[in-house]
Amino acid sequence: MIVRRALLTGALLCSFAAAAGSASPLVDEADRLWAEGKLPQAQARFEAAVAAEPNTTAVRLRLAGFQLAQQQTSASIANYQQAISQEPTNSKAWIGLGLAYLHSGQRNLARAAFAEAVRVDPSREEKIAPLIAKLDAS
């Protein structure tokens, strides 16, 4: 049940606003292709967007969220980690990393990532606390 909810949350996490700059049209096109079910093409556009704006956290988060939704867990984890190295106080990146760890079966790392999301953005505690509690109980 936790994993099912986490996947849905991960899909919602992917719906961040597109980043500004040269990557934005690529992200918009990737979103359109994803909605049309053209997954390989969507992934190529997300990857092109990251190549165009490698230091733009929002673009990297979009790719990581897409990868998580496609069950490309290892790649997703790597991109969330890169996003966190670019912007350590980005709670969305920490939540995404927690979801990716959860999907990979790394519950302790997932819990730690969720706890860090709350630490950097206490306003997220109400939504994340039940997930952390379920992880602690299992």
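Visitor: What do buried and exposed mean here, and which exposed residues does the face of helix 5 turned away from its buried side carry?
Guide: Buried means under 20% relative accessible area, exposed over 50% and partly exposed in between, with a 1.4 Å probe and protein chains only. This is a predicted model, in which local features need pLDDT of at least 70, side-chain atom pairs count only at pLDDT 80 or more, and totals for chains, interfaces and linings use all residues. Residues are numbered from 1 along each chain as its sequence is written, and side-chain values use heavy atoms, with hydrogens and water left out. On the face of helix 5 turned away from its buried side, the exposed residues are Ser74 and Ser85.

Visitor: Which residues of helix 5 are buried, and what arc do they cover around the axis?
Guide: The buried residues of helix 5 are Thr73, Ser76, Ile77, Asn79, Tyr80, Ala83 and Ile84. They lie on the same side of helix 5, because the arc that they cover around the axis, taken from the directions from the helix axis to the C-beta atoms, is only 170°.

Visitor: Is Gln71 buried or exposed?
Guide: Gln71 is found in the loop between helix 4 (57-69) and helix 5, and its phi is near 60°, a positive value in a residue other than glycine. Its relative accessibility is 65%, and therefore Gln71 counts as exposed.

Visitor: How many helices are there in the chain?
Guide: Helices are DSSP runs of H or I with at least four residues, strands are runs of E with at least two, and both are numbered from the N terminus. The chain has 0 strands, and its helices number 8.
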